[in-house]
Amino acid sequence: MVMEKPKDDSVVTLVCANLRKESGLQWLIGSPFFPPFTIVSVLRSIHTVENSSSLDYHKESEDIRTLLLKGFDVIGALIVEGSDLEETAREAIDAVRQLRKCLAGGGSSAGQQVIGTVSDSNTGDIHYFVSRNEDSTNIEAVTSVVHEGQPEKYIWEIGCLLRCELPIKLPVYMPANSSSVEARRSLHLRLGLPFNRPLLRIANALNFNLVKDSVESKSRRKGNF
């Protein structure tokens with residue numbers, strides 16, 4: 001890779017807290033809905049190949065798929081190093097490229113910009129490098145770093161989080177002789193349900209008291225949740 005002069009739009013924005021200077025590799029999380037090189041969170045890598053210090057990208061990608069919300073992606077990596085900063089930045093960028101290929105099922109990540117971040121173990125300073133295209137061998141050193149003072153406001157004003165509700169049937173058990181109003185109010189409170197909507201209705205209950213019939217015993221059904 002060749003070192004290039006930083007371009008005018010080479011600005012790293014930290015929406016999360018200051019990056020932690022921990023050993024091992026850390027994934028930098030961003031989103032295409034935010035400006036380029038905007039870091040909103042950090043995830044530490046935990047999987048390595050057996051009997052080796054190399055990352056297990058397959059296992060890492062499985063965890064990333066589970067942990068990341070839709071719309072967020074790995075945009076960079078941070079490595080703590082005390083020797084060659086540029087070479088370490090290239091290693092971080094290569095690690096992100098390999099992880100993205102696993103996340104994409106082996107597809108290419110060409111055209112996606114990546115941040116290679118290096119924390120100098122001797123001075124504690126953090127250095128940022130960016131690669132703008134997988135097909136290019138050039139990287140740029142970035143010296144312009146913005147620390148967002150109001151991260152929540154930044155995310156809500158620029159990004160968009162959608163809340164989805166998945167309807168499920170949840171069985172709830174309560175004594176038959178308990179006060180229906182107080183019991184339902186208590187259940188609403190425990191389950192985080194609103195009090196202005198009768199989601200738990202007495203008419204939609206199953207009565208498990210056995211009623212003896214002249215022929216046989218059977219349960220009387222009043223409905224279901």
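Okay, let me start with a term: a polar contact here is a pair of N or O atoms within 3.5 Å, where, within protein, one must be able to donate a hydrogen and the other to accept it, and residues adjacent in sequence count only if both atoms are side-chain atoms. Hold on to that for a helix cap later.

Housekeeping next. This is a predicted model, with local features needing pLDDT of at least 70 and side-chain atom pairs counting only at pLDDT 80 or more, while totals for chains, interfaces and linings use all residues. Residues are numbered from 1 along each chain as its sequence is written, and side-chain values use heavy atoms, with hydrogens and water left out.

So what's in there? The protein has four helices and 12 strands. Helices (H or I, at least four residues) and strands (E, at least two) are DSSP runs, numbered from the N terminus. Of its 225 residues, 32% count as buried; that's under 20% relative accessible area, with exposed being over 50% and partly exposed in between, using a 1.4 Å probe and protein chains only. Contacts are heavy atoms within 4.5 Å, and among those with a separation of 6 or more, 58% are between residues 24 or more positions apart.

Let's go to helix α2, residues 85–103. How does its span compare with 1.5 Å a residue? The expected span is 1.5 Å times one less than the number of residues, so the 19 residues of α2 should cover 27 Å, and the end C-alpha atoms are indeed 27 Å apart. At the N-terminal end, here's that cap: a side-chain oxygen of Asp-84 lies 3.2 Å from the backbone nitrogen of Glu-86. After the helix comes Gly-105, with a positive phi near 70°.

Plenty of α2 is buried, including Leu-85, Ala-92, Val-96 and Leu-99. The buried residues of the helix pack against β3, α1, β6, β7, β8 (126–131) and β9 (138–142). Not everything in the helix is hidden, though: Gln-98 sits in α2 and is partly exposed at 39% relative accessibility. Its C-alpha is 7.1 Å from that of Tyr-57, 41 residues away along the chain.

And then Arg-100, also in α2: buried or exposed? Buried, at 8% relative accessibility. A polar atom of the Arg-100 side chain lies 2.9 Å from the backbone oxygen of Val-74.

Val-74 takes us to the core. A nonpolar core is a set of buried Ala, Val, Leu, Ile, Met, Phe, Trp, Tyr and Cys residues joined through side-chain atoms within 4.5 Å. The largest one has 25 residues, and Leu-25, Trp-27 and Val-74 touch the most other members. β3 (25–30), α1 (57–67), β6 (73–81), α2 and β7 (114–120) each supply at least two residues, with the largest share, seven, coming from α2. Leaving out residues up to four places away in sequence, Val-74 touches Trp-27, Leu-28, Ile-29, Ile-64, Leu-68, Val-96, Leu-99 and Arg-100. There's another core apart from that one, with 14 residues, among them Leu-14, Ile-39, Val-42 and Val-142.

Now the strands; a pair means DSSP finds at least two bridges between them. β3 and β6 run antiparallel and are joined by six bridges, with Gln-26 partnered to Leu-78 in β6. β6 then pairs with β7 in the parallel sense, over six bridges, and Glu-81 stands opposite Asp-120 in β7.

There's also an open sheet of three strands, in the order β4-β2-β10, with parallel pairing. β4 (38–39) and β10 (144–147) are the edges, each with a single partner strand, so one side of each has no neighbour in the sheet. β2, residues 11–14, pairs with β4 over two bridges, and Leu-14 stands opposite Ile-39 in β4. Those two residues are also among the members of the 14-residue core.

Last bit, cysteines. How many disulfides does a search of the whole structure find? Zero, taking a disulfide as a pair of cysteine sulfur atoms within 2.5 Å. Cys-16 is buried at 19% relative accessible area, whereas Cys-102 is partly exposed at 27%.
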